[in-house]
Amino acid sequence: MKAFLFAAVLLIALSTVALAACATVPPSSLQNNVQDSAWQGREKLRAWTVYSDRCRISRKLFLEIGKSLNYYITADDDEKILYLIFEDTHSFADAIHDIAFVTKSYEHGSKKIKAHGGFVKVWHSGSEQVMKEFFEQVEKYPDYEIVFVGWSMGGAIAHLAAEEFNFRTRTDEANPDSGRKVVLITYGCPNLLYGKDMRDYFERCVKAAYNFANIKDPFAKLPPVAWNFFVIRRIEVGQNYKGKKHPHLSYGQKEIYKDIVIDEPYVQVSE
């Protein structure tokens with residue numbers, strides 16, 4: 001049994017690294033999606049998709065600190081949006097963190113945060129520096145909308161960063177509504193929050209959440225909901241996806257968003 005579990009874990013890790021090797025840049029532009037009927041009137045969502053032509057980034061622009069915590073801060077002066085972007089899994093070490101799902105707890109005031117241990121470890125290995133740099137930019141652009149973005153593992157880190165930002169800006173540490181809230185956008189994000197109470201708490205820490213998940217993407221379903229792991233407000237896409245790209249690499253493909261309808265400000269929770 002132990003040998004089987006080891007082999008399964010190793011296979012997942014190798015598969016994750018192989019997929020990461022195929023993705024030399026984040027998913028390509030989603031800008032044209034607003035032309036579809038499901039996206040009419042959602043100009044802000046177009047602006048918030050950091051993979052648009054204006055904001056598309058390559059790996060070389062990410063800064064790396066700690067245990068492979070890769071991030072990029074950029075301001076869109078035309079749309080007045082300040083982005084904090086987290087990179088996907090791109091190394092074997094990252095893959096090990098992906099599968100280290102034993103929960104880890106930490107305190108934020110009177111609240112105990114319970115989440116995927118591997119992602120917590122990565123975030124805390126450099127969170128102080130990331131937050132320091134980001135708050136410097138917030139002071140520089142005080143009236144800009146704030147958007148946190150991540151693909152794959154980066155989406156999980158973006159969840160933790162969004163709660164961290166909200167906690168650090170609160171006037172009442174026990175009340176998320178007393179802090180500043182960001183817009184959260186993720187693509188192919190794995191489940192990371194342990195328990196529905198954590199999901200509900202994190203939801204209170206953000207202004208809006210758009211967690212896009214191709215229903216055929218196996219990595220967006222791990223760890224399983226049956227094991228009590230969740231993300232905030234998932235938007236399922238890709239119902240009619242028949243492309244050649246692996247579903248985890250499909251988020252730059254226009255057709256996977258064809259049939260979705262986005263409600264304001266959230267969508268129905270998918271469990």
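**Exercise 1. State where Asn228 is placed in the chain, and describe its backbone and its exposure.**

Solution. Asn228 sits in the loop between S9 and S10. The model is a predicted one. Next, take the backbone: the phi of Asn228 is positive, about 80°, although Asn228 is not a glycine. For comparison, most residues other than glycine have a negative phi. Last, take the exposure. The relative accessible area of Asn228 is 30%. Partly exposed covers the range between under 20% (buried) and over 50% (exposed), so Asn228 is partly exposed.

**Exercise 2. Find which peptide bond is cis at Pro223, and examine the phi of Arg233.**

Solution. Start with the proline. The bond from Leu222 to Pro223 is cis, and its omega is near -20°. In general, most peptide bonds are trans. Pro223 belongs to the loop between strand S9 (206-214) and strand S10 (229-230). Then turn to Arg233, which is not a glycine but has a positive phi of about 40°. Arg233 is located in the loop between S10 and strand S11 (234-237).

**Exercise 3. Determine whether Ile73 is buried, partly exposed or exposed, and list its contacts outside the local sequence.**

Solution. Ile73 is part of strand S2 (residues 69-76). Its relative accessible area is 22%. The cut-off for buried is under 20%, so Ile73 counts as partly exposed. With neighbours within four places in sequence left aside, Ile73 contacts Leu82, Tyr83, Leu84, Glu133, Phe134 and Gln137. A distance can be added: Ile73 and Leu63, 10 residues apart in sequence, have C-alpha atoms 9.1 Å apart.

**Exercise 4. Describe how H5 and H6 pack against each other.**

Solution. First, the geometry. The axes of helix H5 (residues 127-140) and H6 come within 11 Å, and the crossing angle is roughly 60°. Angles of 65 to 115 degrees count as roughly perpendicular and those under 35 as roughly parallel; H5 and H6 are therefore oblique to each other. The crossing of H5 past H6 is right-handed. Second, the residues. H5 contributes Glu128, Met131, Phe134, Phe135 and Val138, while H6 contributes Ala161, Glu164, Phe165 and Arg168. Sorted by class, this contact holds six nonpolar, no polar and three charged residues.

**Exercise 5. Repeat the analysis for H4 and H6, and state how far H4 is covered.**

Solution. The axes of helix H4 (residues 117-124) and H6 come within 10 Å and cross at roughly 65°. H4 passes H6 in a right-handed crossing. On the H4 side the contact uses Phe119, Val120, Val122 and Trp123; on the H6 side, Met153, Ala156, Ile157, Leu160, Ala161 and Glu164. The classes are nine nonpolar, no polar and one charged. As for cover, six of the eight residues of H4 are buried, and the helix is mostly covered. These are Gly117, Gly118, Phe119, Val120, Val122 and Trp123.

**Exercise 6. Identify the residues with the most contacts inside the largest nonpolar core, and the helix that gives the most to it.**

Solution. The largest nonpolar core has 41 residues, and Phe86, Trp123, Phe148 and Leu160 have the most contacts inside it. Helix H6 (residues 153-168) gives the most to this core, with eight residues. A separate second core has 23 residues, including Val147, Ala208, Ala220 and Ile235. Now take Phe148 alone. Beyond four places in sequence, its contacts include Leu84, Phe134, Ala158, Phe165 and Ile185. For the whole protein chain of 271 residues, 54% count as buried.

Technical notes: Residues are numbered from 1 along each chain as its sequence is written. This is a predicted model: local features need pLDDT of at least 70, side-chain atom pairs count only at pLDDT 80 or more; totals for chains, interfaces and linings use all residues. Side-chain values use heavy atoms; hydrogens and water are left out. A nonpolar core is a set of buried Ala, Val, Leu, Ile, Met, Phe, Trp, Tyr and Cys residues joined through side-chain atoms within 4.5 Å. Buried means under 20% relative accessible area, exposed over 50%, partly exposed in between (1.4 Å probe, protein chains only). Helices (H or I, at least four residues) and strands (E, at least two) are DSSP runs, numbered from the N terminus. Contact means heavy atoms within 4.5 Å. Axes are lines fitted to C-alpha atoms, for helices over the stretch in contact, and angles run from 0 to 180 degrees between N-to-C directions. Angles under 35 degrees count as roughly parallel, over 145 as roughly antiparallel, 65 to 115 as roughly perpendicular and the rest as oblique. A crossing is left-handed if the near helix is turned anticlockwise from the far one by less than a right angle, and right-handed if clockwise. Ala, Val, Leu, Ile, Met, Phe, Trp, Tyr, Cys and Pro count as nonpolar, Asp, Glu, Lys and Arg as charged, and the others, Gly among them, as polar.
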